[in-house]
Amino acid sequence: MPPSEGRIEPARLARLLGDWPSNDRGLARALALGISQLITDSHLADGALLPSQRTLAEALGVSRSTVTEAYEALAAADVVESFQRSGCRVRRKGFADPGATVLGPDSLASYDIASGALPGLPVVAEAIAGIDLGRLMGHVAAGGFFPAGLPELRDAIAQYYAELGIPTTRENVVVTGGAQQATWLIAQLLIGPVDEVVVEDPTSRRTLDVLRRAGTRLLPVPFADGELRLDLVEQLVTRRRPRLVYCQPVVHDPTGLTMDPPALRAFARILQAHHTFCVEDASSAELLFDGARSPGLGALLPLDQLVTVSTLSKLTWGGLRVGWIRGSAPVVERLTELKRSIDLTSSVLDQLVAVDLLRRLPELRAARTAELRRGYEIARRVLERFRAGWRWTEPSGGTGLWVDTGADAAALGSALRAGGVRALSGVEHFSPFGGLATHLSLPLWYPEEKLETALRGH
């Protein structure tokens, strides 16, 4: 039998598929489209074994030939891999696009309320158009290779931390292609397959993806109402001696909540007392609705015990792939050497724009947080009208609203998907071990009429 993530239970797959025949296509085609969409949306892990044809047919109330035909279409699209005795295994790294080649137009959502990518701020286009030609020509005349990042950008980032009261120099900064690359570099450098990592539950889905691909053993600690279970953190770092702790104390993703200063100081004391290394993800820290700024753990932990991940992409525009890691000079040097193996240099143009945008940070912060505050009020109004039973804790910032539906959110997500709406549930995307089954993440940038249409009647 090939290696896998375990066999998917037929009842679970049936629940995730929801009302899959409702798209008026043939049953086998509709089933193949439904499974393909679940794979695309990361509801089914790479390497997971699909139920046998017989058991899935029984769970769905269809003929075995329908399941056989659907599996054959998925295999032909290279979305799954067939094995004689063990059935079909999910193959997310396939070569074909199942929607465009074998399966035809798939059920791509008309309303994508799963995306946290904000529309770009107009000032980004202004900064791109306003790049000084003489300054640019100076870089064009040189080699263009800056593995750790443009010196002027690294200096600007160091100044950013200095203004937060966190002493930082150029040597403490490596520029990355966004926060995702930063997290990947840290995982590759610091974490091995047998290592254990403490994470919040829920936590960032992009980070969970990186850690899972690294083969890391995850030790979840509940994070709710802006509070991390510090008693459990202390137990884990005392008894398990994890490789590191990953956390988002300021504007946590997906909840949008922030630890209060006393709790943050208590957290730092625990980490220091047990000499536990920490990765602080501050990707959303500039998105506090009140426009305030927080130094997070950077002002509480020594550099040899902390690396901080941050980015301009969330604040300004997802297409501007500029992030960074702040850490001790030896760690930054090792991260830079690792980065050379996959990325000789980040885009010089993006970095020049980033230098200009960092100078305009107060303006950017004010524009974005005002936009997100309006988005929260829109989401609140829509939910009060159409989902009065849903509950949430008001976020302190961020791009999404973390709601408790009081029901099976994965099944609700399937029902929404059948109506052309793509949503993200907690159990499938944000929980290390499939908890938070009643939670959904909703965007705070969606226009009111579109969010209303997406949520009404599903």
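Two strands count as paired if DSSP finds at least two bridges between them. Keep that rule in mind as we walk through this predicted model, starting with a small sheet.

Three strands make up an open sheet in the order β12-β15-β14, and their pairing is antiparallel. At its edges are β12 (400-404) and β14 (424-425), each of which pairs on one side only. Take a look at the contact between β12 and strand β15 (residues 439-443): these two pair in the antiparallel sense over five bridges. To find one place where the two strands face each other, look for Leu401, which stands opposite Leu442 in β15.

Now step back to see the whole chain. Its secondary structure comes to 17 helices and 15 strands. The radius of gyration is 23 Å, close to the 23 Å that the globule rule gives for 458 residues, so the chain is as compact as a globular protein of that length. Along the principal axes, the C-alpha atoms fill a box of roughly 65 × 50 × 50 Å. Of the 458 residues, 54% count as buried. The chain exposes about 19,200 Å², and carbon and sulfur atoms supply 53% of that area.

How do parts of the chain that are far apart in sequence come together? Among contacts with a separation of 6 or more, 74% are between residues 24 or more positions apart. Sequence separation and distance in space can also be given for a single pair: Gly18 and Arg374 are 356 residues apart along the chain, and their C-alpha atoms are separated by 33 Å. You will find Gly18 in the loop between α1 (10-17) and α2 (27-40). Gly18 has 29% relative accessibility, so it counts as partly exposed.

Next comes another open sheet, this one formed by eight strands in the order β4-β11-β10-β9-β8-β5-β6-β7, with mixed pairing. β4 (173-176) and β7 (227-228) stand at its edges with a single partner strand each, so one side of each has no neighbour in the sheet. Follow the order and you reach strand β5 (residues 196-201) and strand β6 (residues 217-224), which pair in the parallel sense over six bridges. Here Val197 stands opposite Leu218 in β6.

Strand β10 (residues 306-311) deserves a visit of its own. Is β10 buried or exposed? Six of its six residues are buried, so β10 is largely enclosed by the rest of the structure. Leu306, Thr308 and Ser310 point one way from β10, while Val307, Val309 and Thr311 point the other way, and all are buried.

What are the partners of β10 in the sheet? Strand β9 (residues 278-281) pairs with β10 in the parallel sense over four bridges, and Leu306 is the bridge partner of Cys278 there. β11 is also joined to β10 by four bridges, but these two strands run antiparallel. Across this pairing, Val309 stands opposite Ile325 in β11. Mixed pairing in the eight-stranded sheet can thus be seen at β10 itself, with a parallel partner in β9 and an antiparallel one in β11.Strand β11 also leads us to some aromatic rings. A pair of aromatic rings is described by the distance of the centres and the angle of the planes. The structure holds four aromatic pairs. One of them joins Tyr160 and Tyr161, with 5.0 Å from centre to centre and 85 degrees between the planes, an edge-to-face arrangement. Tyr160 has 8% relative accessibility, so it counts as buried; Tyr161, at 4%, is buried too.

Tyr160 also pairs with Trp324: the ring centres are 5.9 Å apart and the planes stand at 70 degrees, so this pair is edge-to-face. The pair links distant parts of the chain, with Tyr160 in helix α7 (residues 151-163) and Trp324 in strand β11 (residues 323-326), 164 residues apart. Trp324 has 2% relative accessibility, so it counts as buried. Together, Tyr160, Tyr161 and Trp324 form one aromatic cluster. Finally, look for Arg326, which lies over the face of Tyr161 at 5.6 Å from the ring centre.

How values were computed. Residues are numbered from 1 along each chain as its sequence is written. This is a predicted model: local features need pLDDT of at least 70, side-chain atom pairs count only at pLDDT 80 or more; totals for chains, interfaces and linings use all residues. Side-chain values use heavy atoms; hydrogens and water are left out. Rings of Phe, Tyr and Trp (its six-membered ring) pair if their centres lie within 6.5 Å; planes under 30 degrees apart count as stacked, over 60 as edge-to-face and the rest as tilted. Buried means under 20% relative accessible area, exposed over 50%, partly exposed in between (1.4 Å probe, protein chains only). A charge sits over a ring if NZ of Lys or CZ of Arg is within 6 Å of the ring centre and within 35 degrees of the ring normal. The radius of gyration is taken over C-alpha atoms; the globule rule is 2.2 Å times the number of residues to the power 0.38. Contact means heavy atoms within 4.5 Å. Accessible areas come from the Shrake-Rupley method with a 1.4 Å probe; for residues, only the protein chains shown count as cover.
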